Amino acid sequence: MTRPRFNRILLKLSGEALMGEGAFGIDPATTARLAGEIKAAREAGHEICIVVGGGNIFRGLAAAAKGFDRTSADYMGMLATVMNALAMQNALEDIGVDTRVLSAIPMATVSEPYIRRRAVRHMEKGRVVIFAAGTGNPFFTTDTAAALRAAEMSCNALFKGTSVDGIYDADPKKVAGATRYERVSFQQVLSDDLKVMDASAVALCRDNNIPIVVFNIREQGNLTRVLDGQGTATIVQN
Ligand code: UDP
């Protein structure tokens with residue numbers, strides 16, 4: 001079974017993807033490697049915009065469980081994503097990839113404000129656009145931000161880069177013999193509570209007919225392979 005080739009995609013990078021082997025923060029060798037993957041995909045002709053998470057630095061829900069006010073904690077989480085966005089921008093520009101950071105929380109000194117038309121224009125000019133600060137609203141996640149920006153930017157797919165090569169019927173790191181789905185419906189993801197993205201992000205992709213492609217971002221060259229419909233991944237579709 002072949003998967004389609006995708007031209008314009010939104011790549012969701014969780015904060016954890018930037019940690020490397022560490023347990024917290026940003027690992028420069030890892031951001032450099034990710035930047036290399038993105039550059040290769042750009043050079044292969046794909047248009048890429050990115051939503052970065054913040055879980056490697058701060059998560060609102062976890063902080064609220066320890067007594068923080070949830071709204072303030074979520075804003076802190078969104079600020080964490082801005083740090084990650086700047087780290088990715090640096091890594092990309094170090095290897096000559098034109099990049100713009102657009103933040104949903106205006107922060108004029110370090111980034112441009114998120115304005116959809118401006119983001120579209122940047123992409124038309126071949127730049128990699130990094131969306132920071134999630135949706136700009138507490139009580140959301142960067143998964144939902146990724147689905148929202150993918151719809152706004154008319155992306156052909158949302159690529160979720162993880163440390164496993166797709167969606168399994170059980171956690172492959174814990175259950176021997178767990179099997180990977182090649183293709184799965186949005187409905188099954190929601191009804192079986194398959195751990196892909198949070199339910200509001202999945203529902204937003206379903207309603208806007210944006211396939212979600214789950215793949216291993218740690219494998220060298222995999223982003224470009226999967227963009228071309230090759231390599232191992234799971235596609236979630238209607
Ligand atoms: N966040 C938020 N609104 C958004 C996106 C993110 O409040 O639209 C906050 C939330 O507290 C979240 C944190 O930012 O825990 C970091 O984002 P997320 O947990 O989605 O990052 P990831 O798990 O992808 O690293």
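UniProt positions are given here in this structure's own numbering, feature names are shortened, and annotations may be inferred rather than shown by experiment. Residues count from 1 along each chain as its sequence is written. The model is predicted: local features need pLDDT of at least 70, side-chain atom pairs count only at pLDDT 80 or more, and totals for chains, interfaces and linings use all residues.

**View 1. The binding-site residues named by UniProt.** The unreviewed UniProt entry places the feature "binding site" at K12, L13, S14, G15, G55, R59, T162, Y168 and D171. They spread over 160 residues of sequence and also spread in space, up to 25.4 Å between C-alpha atoms.

**View 2. The shell around the ligand.** Here we meet 24 residues, of which G53, G55, G60, G77 and G134 come nearest; a residue is near if its C-beta atom, placed from the backbone, lies within 6 Å of the molecule. Two or more shell residues come from each of α2 (60-65), α3 (70-94) and α5 (142-152), where helices (H or I, at least four residues) and strands (E, at least two) are DSSP runs numbered from the N terminus. Helix α3 gives the largest share, 6 residues.

**View 3. K12 and its surroundings.** K12 is found in strand β1 (residues 8-13). It is buried because 28 other C-beta atoms lie within 10 Å, and buried means 20 or more, exposed 12 or fewer, and partly exposed in between, with C-beta atoms placed from the backbone.

**View 4. D171 in its loop.** D171 sits in the loop between β6 (157-162) and β7 (183-185). With 10 other C-beta atoms within 10 Å, D171 is exposed.
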